[in-house]
Amino acid sequence: MEMKISPSILASDYANLEKELDKCASAQLIHVDVMDGHFVPNISIGAPVVSSIKKVCNIPFDVHLMISNPLQYVEDFANAGADIICFHTECDSPIDETLDKIISLGKKAALAIKPGTDAKAVIPYLDKLDMVLVMTVEPGFGGQSFMESTMPKIEAIRAMAPDIDIEVDGGINPETVKIAAKAGANVFVAGSAVFKSENPESTINLLKTNAENAAK
């Protein structure tokens, strides 16, 4: 299974997003965190920003909706250029209807679970999903420490769905990426590790190599 690195622009310099995205040329995905100030305490960006940066980046966009009512906004983000649309099992929207909406718009559908949510929460929807996101920090803020206690959930999901992409988000660096890859993850969101490094491209390549070696 291909190992994919998804740099999170939450950790980038928002005043220079085009230049920041240029640093990610070797990445497989670009992770876009969308926060509404309700589902999580923080507020980030909306569909207009996604639309703008899509014009200057040809890497697929992995859009993570940390919002209370994703169904209301799925079409906006699909039209803005999202390639993968991920939302939380803990949200207020009907999950099946929201997944069907994403799929009907020709986008890949993903479900996320918080650190305290059981892996079983995604089981009823696995046949509709391209990816499951296991949060390895509490959603809402960048720069948190990796929670190794979430690894059994990755192992459980991988056992149930051997061919699905499993993404981890939170505290990923060249060391923790090995732990997550060994547990069965293959998509790794990295914010600070990439954008705060002196050489983001080298860091992306190192993350990918470390994941590949750990998964062997």
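Author: A charge sits over a ring if NZ of Lys or CZ of Arg is within 6 Å of the ring centre and within 35 degrees of the ring normal. Keep that in mind as we look at this predicted model.

Reader: Happy to! Over the ring of which residue does the charged end of K114 sit?

Author: The distance cut-off to the ring centre is 6 Å. The charged end of K114 lies 4.6 Å from the centre of its partner ring. That ring belongs to F39.

Reader: And how far is the charged end of K54 from the centre of the ring of F61?

Author: Here again a lysine's charged end sits over a ring, with K54 placed over F61. The distance to the ring centre is 4.6 Å.

Reader: How many aromatic pairs does a search of the whole structure find?

Author: Good thing to check alongside the charges over rings. Pairing requires ring centres within 6.5 Å. For aromatic pairs, the search of the whole structure gives a count of 0.

Reader: Is H31 buried or exposed?

Author: H31 belongs to strand β2, which covers residues 30–35. Buried means under 20% relative accessible area. Because the value for H31 is 0%, this residue is buried.

Reader: Which side chain does a polar contact join to that of H31?

Author: H31 touches several residues beyond four places away in sequence, including S6, D62, H64 and E167. The polar contact spans 3.5 Å between side chains, and the partner of H31 is H64.

Reader: How far apart in space are C86 and D33, C-alpha to C-alpha?

Author: C86 lies in strand β4 and is buried, with a relative accessible area of 0%. In sequence, C86 and D33 are 53 residues apart. In space, their C-alpha to C-alpha distance is 9.8 Å.

Key: Residues numbered from 1 in each chain as written. Predicted model: local features only at pLDDT ≥ 70, side-chain atom pairs only at ≥ 80, totals over all residues. Heavy atoms only, no water. Helix = DSSP H or I, 4+ residues; strand = E, 2+ residues; numbered from the N terminus. Buried < 20%, exposed > 50% of the residue type's maximum accessible area, 1.4 Å probe, protein only. Polar contact = N/O pair within 3.5 Å; in protein donor to acceptor, adjacent residues only side chain to side chain. Contact = heavy atoms within 4.5 Å. Phe/Tyr/Trp six-rings, centres within 6.5 Å; stacked < 30°, edge-to-face > 60°.
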